[in-house]
Each structure stands twice: as C-alpha cells, then as structure tokens.
Amino acid sequence: MTTPVARFSDLKQEQINEFLHDRIQVPEDLQSNVMVTTLDKVYNWSRKSSMWPLLFGLACCAIEMIATAASRYDLARFGMEVMRPSPRQSDLMIVSGTVTKKMVPAIVRIYNQMAEPRYVLSMGACATGGGPFKEGYSVVSGVDKYIPVDVYVPGCPPTPEALIYGLLKLHEKVERQSITSVPWYRKGSSEAVPVPILGPDLFDPRKVQVIKEHTLGSAAAVKGAVASKARLQPQPMAEELKARIRAAQAQYRTQKQPA
C-alpha cells in the first residue's frame, strides 16, 4: 500500500497552524492572504529559531556537544549552528563538563557579559551536581549554585540525542514566555550575578556576613573576639621587672665564673 503524497498547500497549512489565533475568524476569501496571531507567538518563534550557543566546553561533555553540531546530528536544523566565541553575541550558555572552583568565577563573569535574553543549559552530571567528583576539594556541587539554570540534561556524558532533547525543551520554555512579563523588558536594569571569590575556598560575596556569623558567632561575639585579640597583643615591660631580670642575669653569670 502506497502512502499518498501530501500536497504542498497541505504541508504549508500544517506549518502555519500553530500561529493561527483561534479566537479571531478570518473571512474565507482572505484566508489565503491573512493570518491572525499574537505578537508573543511570532517574537518567541524568531528567538527560538535563532538561538546562538556560546562556544566553550569544560570536560568530556564538550565532545558530545561538538558531535551534536556535526553532520550526523546537524544542530543547524534548529537554527543553532552559529556557536559564537563571544558572550556579547550569544544567548545560550551550555555548561558542558566538570565545574571546578577555579573555573566558577570565569563562568559567572562570562554569564554577566551575555546580553538579555540569556539562558543556561546544564549538560551532564558534573555540571548539574558534581558527578563522580561530588564533595571533592576542587569541584562545585552544581553550577546552579552560582548562576540560574533553565534546563538540566542528565547523563555522564549525555548523548547528542539527549542534548537535542534538552534544547527542544528550552525552545518550549521560550515559547511560553510573554513580552509583558519577561524580566528584560521591565523597568530598571537586571542585577548582575556577583562573581564568586576564590580564597581558601569558593564563596559568594553576598554571604560574607553569614559566613562571619557562622564562624565567629553573632556581632557581640565578633566584637569580643576582636577585644580578646587586642588583649593578646604584646605589652611593654615595666622598668621594675626589667631591673629584676638584669639582676638575675648578673647573679647567674657570677655563679658560672670559675673560682
């Protein structure tokens, strides 16, 4: 049994059905020339169809990401073949690989340099929760502790099919957004994520006061610790004590002299 060949007009109608507005009826004589839809639908369609990922990888997941853009899986089908080396020209950060404490400040700095609207996809077990290196001395337990993540793709490493599925889920999220509620069109500028500080350990500068209270106690305890530290500073020796020490030293030298 042969499958009937679909007409071009039918295929075209299937493509535009998702843009039709179901509450407004177009007169029959204009249906071939007029299509009624919403601004959100067209705007989100254009954004999801030209989403440019940021070109950087951290570990073995990056190899799977590269394979996704190659000819076998052809990421260009979704308008995402342009992987930009600059955060100024990218709107999707794919965190692919192990996120070390030394790398987190650079990731947050790059995220802040991306223009709105911007999205983050966490690819693999390492980026999502630390993976096999969880609780290690040099690996963070998830990049979402430092930047907001929109989609998580599990796996170690995920296959290219899994990454494509995660990208399609991100497209669905974009389609549900509205111009009237997205944060980048509200009054006021969006706040940048503070770049974490790498010292003896990695910490968020917004949590400095919490860290102080946890390690040193309350404000009163902090003042007490400062006062006790001041008491431990070396004090000048009294003249009377100096004279007694000199007398003891002279007596000791006298006893040591041969008779």
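Angles here run from 0 to 180 degrees between N-to-C directions, with axes taken as lines fitted to C-alpha atoms, for helices over the stretch in contact. Keep in mind that this is a predicted model throughout.

**View 1. A three-stranded parallel sheet.** The strands line up in the order β1-β2-β3, making an open sheet with parallel pairing. β1 and β3 are the edge strands, each pairing on one side only. On average, neighbouring strands are turned by 20° against each other, direction ignored. On one side of β2, five bridges tie this strand to β1 (residues 92–96). Three bridges link β2 to β3 (residues 151–153), and that pair also runs parallel. To get your bearings along the β1 pairing, look for L92 opposite Y119 in β2 and I94 opposite L121 in β2. Over at β3, Y152 sits opposite S122.

**View 2. The crossover from β1 to β2.** How does the chain get from β1 to β2? The route goes through helix α4 (residues 104–113), and this β-α-β crossover is right-handed. The two strands joined this way pair with each other in the parallel sense.

**View 3. Strand β2, covered on both faces.** β2 spans residues 119–123, and five of its five residues are buried, so the strand is largely enclosed by the rest of the structure. In a regular strand, side chains alternate between the two faces of the sheet. Here Y119, L121 and M123 take one side, while V120 and S122 take the other, and every one of these residues is buried. Two of the residues already met in the pairing views belong to opposite sides: L121 goes with Y119 and M123, whereas S122 goes with V120.

**View 4. Helices lying across the sheet.** Helix α3 (residues 61–69) lies across β1 and β2, and its direction makes an angle of about 135° with β1. Helix α6 lies across β1, β2 and β3, running at about 155° to β2. α6 covers residues 160–175 and turns up again in the next view, as part of what covers the buried residues of α2.

**View 5. The buried face of helix α2.** Which residues of α2 are buried? In this helix (residues 39–48), they are Y43, N44, R47 and K48. Seen down the axis of α2, the buried residues fall within an arc of 125°, so they line one face of the helix. Residues three or four places apart in an α-helix point the same way, because there are 3.6 residues a turn. The cover over the buried residues of α2 includes β2 and α6.

**View 6. T100 and a partner stretch further along the chain.** T100 sits in the loop between β1 and α4. With a relative accessible area of 27%, T100 is partly exposed. Setting aside neighbours within four places in sequence, the contacts of T100 are S138 and V139. V140 belongs in this picture too: T100 and V140 are 40 residues apart along the chain, yet 5.9 Å separates their C-alpha atoms.

**View 7. A salt bridge between R118 and E116.** The structure holds five salt bridges, and one of them joins the side chains of R118 and E116, at 3.5 Å from N to O. Is each partner buried or partly exposed? R118 counts as buried at 11% relative accessibility, because the cut-off for buried is under 20%. E116, on the other hand, is partly exposed at 32%.

**View 8. A salt bridge within helix α6.** K169 and E172 form a salt bridge, their closest N and O atoms lying 3.5 Å apart. These residues are three apart in α6, which puts about one helical turn between them. K169 is partly exposed, with a relative accessible area of 34%, and E172 is partly exposed, with a relative accessible area of 34%.

**View 9. A salt bridge within helix α9.** E239 and K242 meet through their side chains in a salt bridge, 3.8 Å from N to O. Both lie in α9 (residues 239–256), three residues apart, or about one turn of the helix. E239 is exposed, with a relative accessible area of 56%, while K242 is partly exposed, with a relative accessible area of 31%.

Technical notes:
Residues numbered from 1 in each chain as written. Predicted model: local features only at pLDDT ≥ 70, side-chain atom pairs only at ≥ 80, totals over all residues. Heavy atoms only, no water. Buried < 20%, exposed > 50% of the residue type's maximum accessible area, 1.4 Å probe, protein only. Helix = DSSP H or I, 4+ residues; strand = E, 2+ residues; numbered from the N terminus. Pairing = 2+ DSSP bridges. Right-handed = clockwise from strand over helix to strand, strands pointing away. Arc of directions from axis to C-beta. Contact = heavy atoms within 4.5 Å. Salt bridge = Lys/Arg side-chain N within 4 Å of Asp/Glu carboxyl O.
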